Amino acid sequence: MAAGLLWSGVSPRAPYTVTEDGTSVLADPSTQALIAADGWFAVITGGLGLLCGGVAWFAARRFMLPVLLGLCAGGVLGAALTLWIGSTFTIGAVMVEAAVVPGVKVVPGALKLTASGVLVSWPLLAVGLFGLLEGMHGYGEPQLRPPYGNLP
């Protein structure tokens, strides 16, 4: 929940103009606010993914397969929850200025993702860091490792 509120607080809103028939149109087609929202989402959820992957490796290396499946499923759920909370609650709506005709009403747009690929940053970085730490830890061990589930 905090990740969604943080994303809502730090991401700029793209400017939209309201037309005569009540629809909203992007006021400045060259705005970078849409890309900035995607970037902030990737940074926040990616950082949480690294945190979860590190904590999971230190805490639960004994049960690797269930932990990896939990990291993946939890990361997908956490990213979806972050997206829903961040786009539902508006905190600190900073609007990017637009070059529009004077007298035209400009409103901040809703926060949304334009690049849906950033939704995988949480699970990808969590599982990736877990695998990297396990690979670095297992590199110095002998080739014959103890059977699965019998780690000291």
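Colleague: Leaving aside its neighbours within four places in sequence, which residues is Thr82 in contact with?

Modeller: Happy to start there, and please keep in mind that this is a predicted model. Thr82 has its place in helix α3, which covers residues 64-88. Once neighbours within four places in sequence are left aside, the residues in contact with Thr82 are Ala3, Gly4, Trp7, Phe41, Thr45 and Trp122.

Colleague: Does Thr82 count as buried or exposed, and at what relative accessibility?

Modeller: The cut-off for buried is under 20% relative accessible area. Thr82 falls under that cut-off, so it counts as buried, with a relative accessibility of 4%.

Colleague: Thanks! How many helices and strands are there in the protein, and what pattern do they follow along the sequence?

Modeller: The protein has four helices and five strands. Reading along the sequence, you meet them in the pattern α-β-β-β-α-α-β-β-α.

Colleague: Which element gives the largest share of the largest nonpolar core?

Modeller: Let's begin with the members: this core has nine residues, namely Ala3, Trp7, Ala37, Phe41, Ile44, Ala79, Leu111, Leu113 and Val118. Two elements give two or more residues to the core, α1 (2-10) and α2 (33-59). The largest share is three residues, and the element that gives it is α2.

Colleague: Why might such residues come together?

Modeller: In soluble globular proteins, nonpolar side chains tend to be buried together. Here, the largest nonpolar core brings together nine residues, including Trp7, Phe41 and Leu113.

Colleague: Which residues is Leu113 in contact with, leaving aside its neighbours within four places in sequence?

Modeller: Leu113 belongs to the largest nonpolar core, as do Trp7, Ala37, Phe41 and Val118. With neighbours within four places in sequence left aside, the contacts of Leu113 are Trp7, Ala37, Asp38, Phe41, Leu83, Val118 and Leu119.

Colleague: And what about the cavity: which element gives the most to the lining of the largest cavity?

Modeller: A search of the whole structure turns up one cavity of 30 Å³ or more, and the volume of the largest cavity is about 50 Å³. Its lining consists of Pro12, Arg13, Ala14, Tyr16, Ala33, Leu34, Ala37, Ala110, Leu111 and Lys112. At least two lining residues come from each of β1 (12-13) and α2. With three residues, the element that gives the most is α2.

Colleague: By class, how many nonpolar, polar and charged residues are in that lining?

Modeller: Among the lining residues are Arg13 and Lys112, and both Arg and Lys count as charged. By class, the lining of the largest cavity has two charged residues, no polar ones and eight nonpolar ones.

Colleague: How many disulfides does a search of the whole structure find?

Modeller: It helps to look at two cysteines along the way. Cys52 counts as partly exposed because its relative accessibility is 30%, and Cys72 counts as partly exposed because its relative accessibility is 37%. As for disulfides, the number found in the whole structure is zero.

Colleague: One last pair: how far apart in space are Leu124 and Val76, C-alpha to C-alpha?

Modeller: Leu124 is found in helix α4, residues 121-139. Exposed means over 50%, so Leu124, at 57% relative accessibility, counts as exposed. Leu124 and Val76 are 48 residues apart in sequence, and their C-alpha to C-alpha distance is 9.2 Å.

Note on methods:
Residues numbered from 1 in each chain as written. Predicted model: local features only at pLDDT ≥ 70, side-chain atom pairs only at ≥ 80, totals over all residues. Heavy atoms only, no water. Core = buried A, V, L, I, M, F, W, Y, C linked by side-chain atoms within 4.5 Å. Buried < 20%, exposed > 50% of the residue type's maximum accessible area, 1.4 Å probe, protein only. Contact = heavy atoms within 4.5 Å. Disulfide = S-S within 2.5 Å. 1 Å grid on protein atoms, 1.4 Å probe; cavity = no way out; pocket = protein on both sides within 12 Å on 5 of 7 lines; lining within 4 Å. Points joined across faces, edges and corners; volume = space filled by probe spheres on them.
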